Amino acid sequence: MSTAAFPLSPRDALLQAYQAQSLHDVPVPAAVIDVAKVKANCISMLNAVEELGVSFRAHVKTHKTTEITRLQVGEDCNDVRLIVSTIIEAEQLVPLLLEYKSRNAKINVLYGVPLGPSHVNRLATVARQLGQGSITVMIDHPEQLKCLQSFKEKAGFPALVFIKTDSGYHRAGLIPDSKDMMDLVHEVSIGEQRGYLWLLGFYSHNSLSYGGSSPDDAMDTLKVEIDVCRQASQHFKRDRQTPLLVSVGASPTALSLQNILPSAASSTPSANALKDTLELTKSNLELEIHAGVYPIFDIQQVAASSRSFTSDPHDTIAVSVLAEVCSLYPDRTKQPEALISAGVLALAREPCKDYPGWGVVSPWNMPGDYGTTKKDRIIVSRISQEHGILAFEDRDVENRQLPLRYGQKLRIWPNHACITLAMFSWYYIVDTDTDTPDKIVDIWIRWRGW
């Protein structure tokens with residue numbers, strides 16, 4: 001019933017209408033994803049965790065599609081670990097996970113919000129479809145243990161459990177050495193002995209990493225995440241044949257792993273400290289990295305500068321919002337401006353620490369010298385529900401006109417892809433690895449609802 005209550009857009013009809021068309025010809029605003037960049041971003045992450053010998057759990061909340069989920073875990077993956085932020089994501093994942101399970105892959109989905117009573121029935125239904133060991137939940141309060149007893153009754157087997165650990169962001173979780181943490185670990189141990197849960201490990205997500213500005217900042221934050229989970233794990237005293245998991249990461253910190261690959265040979269104090277922490281953790285715990293926005297990337301990720309790039313980091317951004325210049329105002333204010341048909345609902349009102357705007361005009365369909373310097377970059381400087389106002393990022397230079405024309409299509413890089421994509425029911429897929437990078441090669445349908 002849950003997925004039926006949120007019907008998906010008709011992919012076949014959309015393909016018939018738009019496949020093989022040019023981006024220049026489709027209605028706007030629209031969400032565009034470059035599959036070539038998504039593939040490259042996913043391969044880089046999978047290669048990094050494999051080279052470092054750590055486990056990986058992919059978050060699907062940014063894109064909410066089967067297609068990108070498959071790229072995140074890899075077609076031949078035999079240990080599929082995922083995170084969802086809504087129950088309906090887990091429900092929509094069932095066919096894909098059953099496909100992997102039919103190939104003898106292990107499957108597990110973490111519901112990434114501390115468990116509430118209203119979540120139990122639907123999660124238990126998914127668990128019955130996928131089998132024992134398929135569902136993990138997150139807890140950070142002893143009252144949630146009642147829900148775990150109910151889950152076992154409804155699913156027929158216990159849920160796996162992560163204890164959410166606060167590494168400084170204070171969104172959810174418990175401080176590792178607090179009395180609340182020690183009391184909860186004790187209650188979880190009792191629950192495990194009684195058979196209505198199984199402790200998988202300790203989980204942390206530190207979005208303070210988005211405030212960083214260098215690879216060292218991101219590596220330092222990742223080390224903190226690992227350290228607090230290791231600290232919390234010491235309160236669990238039961239003997240185990242399998243090690244507890246330490247699951248850590250946000251996209252900036254997960255991406256920072258690429259700075260310490262043997263092939264990268266970074267030797268800063270932050271890199272060396274992170275390498276030591278990884279080795280110490282793997283000696284008696286299983287280290288699992290989780291991340292979500294990295295396949296898509298966005299302006300916030302560029303600003304975080306969490307890994308070293310050999311080329312322009314903007315080239316990693318796979319998502320853009322297609323918009324149209326609907327009016328031009330060369331003399332209305334001190335600086336020239338233009339209006340586009342994309343506002344808060346198409347771009348979101350998520351700030352970025354790197355600049356004072358709500359999106360950046362990409363070089364697509366712009367003059368060849370556009371974007372060579374930040375001084376000439378055009379940003380969405382003001383925003384309302386369905387309108388955006390474009391202006392030069394550098395407002396101090398006078399006697400310039402925007403290199404724009406009425407009716408021109410533009411692609412805007414969003415600040416935060418997770419929020420931006422939430423308003424779109426489907427994505428136009430292009431492939432810059434082909435000779436026709438503006439041609440729509442596919443339509444990917446985004447899951448709706450909660």
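Lys-64 is buried, with a relative accessible area of 11%; the cut-off for that label is under 20%. The model in which Lys-64 is described here is a predicted one. Lys-64 belongs to the loop that runs between strand E2 (55-59) and helix H3 (66-73). Its phi is near 55°, a positive value in a residue other than glycine. Most residues other than glycine have a negative phi, and most peptide bonds are trans.

Two further places in the chain can be read against that background. Asn-365 also has a positive phi, near 60°, and is a residue other than glycine. Asn-365 sits in the loop between strand E12 (360-361) and strand E13 (378-383). With 25% relative accessibility, Asn-365 counts as partly exposed. The other place is the peptide bond between Val-28 and Pro-29, which is cis, with omega at about 0°. Pro-29 is part of the loop between H1 and strand E1 (30-34).

From these single residues we turn to the whole chain. It contains 13 helices and 17 strands. Its radius of gyration is 23 Å, close to the 22 Å that the globule rule gives for 450 residues, so the chain is as compact as a globular protein of that length. Measured out along the principal axes, the C-alpha trace spans about 75 × 50 × 35 Å. Buried residues make up 56% of the 450 in the chain.

Strand E6 (residues 159-164) is a useful place to look at burial in detail. Six of the six residues of E6 are buried, so the strand is largely enclosed by the rest of the structure. Both of its faces are covered: Ala-159, Val-161 and Ile-163 are buried on one side, and Leu-160, Phe-162 and Lys-164 are buried on the other.

What pairs with E6? Strand E5 (residues 135-139) does so in the parallel sense, over four bridges. Within this pairing, Ile-139 has Ile-163 of E6 as its bridge partner. E5, helix H6 (residues 144-155) and E6 together make a right-handed β-α-β unit. E6 is also joined to E7 by six bridges, and these two strands run parallel. Across that pairing, Ala-159 stands opposite Leu-197 in E7, and Phe-162 stands opposite Gly-201. A right-handed β-α-β unit is found here too, made of E6, helix H7 (residues 179-194) and E7.

Strand E7 (residues 197-204) has seven of its eight residues buried, so E7 is largely enclosed by the rest of the structure. Beyond its pairing with E6, E7 is joined by four bridges to strand E8 (residues 245-248), and these strands run parallel. One of the facing positions is Tyr-203, which stands opposite Ser-247 in E8.

Aromatic side chains give another view of how parts of the chain meet. A pair of aromatic rings is described by the distance of the centres and the angle of the planes. The structure holds four aromatic pairs. In one of them, the rings of Tyr-18 and Tyr-428 have centres 5.3 Å apart and planes at 85°, so the pair is edge-to-face. Tyr-18 lies in helix H1 (residues 11-18) and Tyr-428 in strand E16 (residues 426-430), so this pair ties together parts that are 410 residues apart in sequence. Tyr-18 is buried, at a relative accessible area of 17%. Tyr-428 counts as buried as well, at 2% relative accessibility.

Phe-297 and Phe-309 form an edge-to-face pair, with 6.2 Å from centre to centre and 70° between the planes. Phe-297 lies in the loop between strand E9 (286-291) and helix H11 (299-304), and Phe-309 in the loop between H11 and strand E10 (319-329), so the pair ties together parts that are twelve residues apart in sequence. Phe-297 is buried, with a relative accessible area of 2%, while Phe-309 counts as partly exposed at 25%.

Rings also take part in contacts with charged side chains. Arg-103 lies over the face of Tyr-100, at 4.8 Å from the ring centre. The charged end of Arg-332 sits over the ring of Tyr-329, 3.7 Å from its centre.

One stretch of the chain carries an annotation from a record. An unreviewed UniProt entry gives residues 318-431 the annotation "domain: D-serine dehydratase-like". The end C-alpha atoms of this span lie 10 Å apart, and the span is 7% helix and 33% strand.

Methods: Residues are numbered from 1 along each chain as its sequence is written. This is a predicted model: local features need pLDDT of at least 70, side-chain atom pairs count only at pLDDT 80 or more; totals for chains, interfaces and linings use all residues. Side-chain values use heavy atoms; hydrogens and water are left out. UniProt positions are given in the numbering used here, feature names are shortened, and annotations may be inferred rather than shown by experiment. Buried means under 20% relative accessible area, exposed over 50%, partly exposed in between (1.4 Å probe, protein chains only). Two strands pair if DSSP finds at least two bridges between them. A crossover is right-handed if, with the strands pointing away from the viewer, the path from the first strand over the helix to the second runs clockwise. Rings of Phe, Tyr and Trp (its six-membered ring) pair if their centres lie within 6.5 Å; planes under 30 degrees apart count as stacked, over 60 as edge-to-face and the rest as tilted. A charge sits over a ring if NZ of Lys or CZ of Arg is within 6 Å of the ring centre and within 35 degrees of the ring normal. The radius of gyration is taken over C-alpha atoms; the globule rule is 2.2 Å times the number of residues to the power 0.38.
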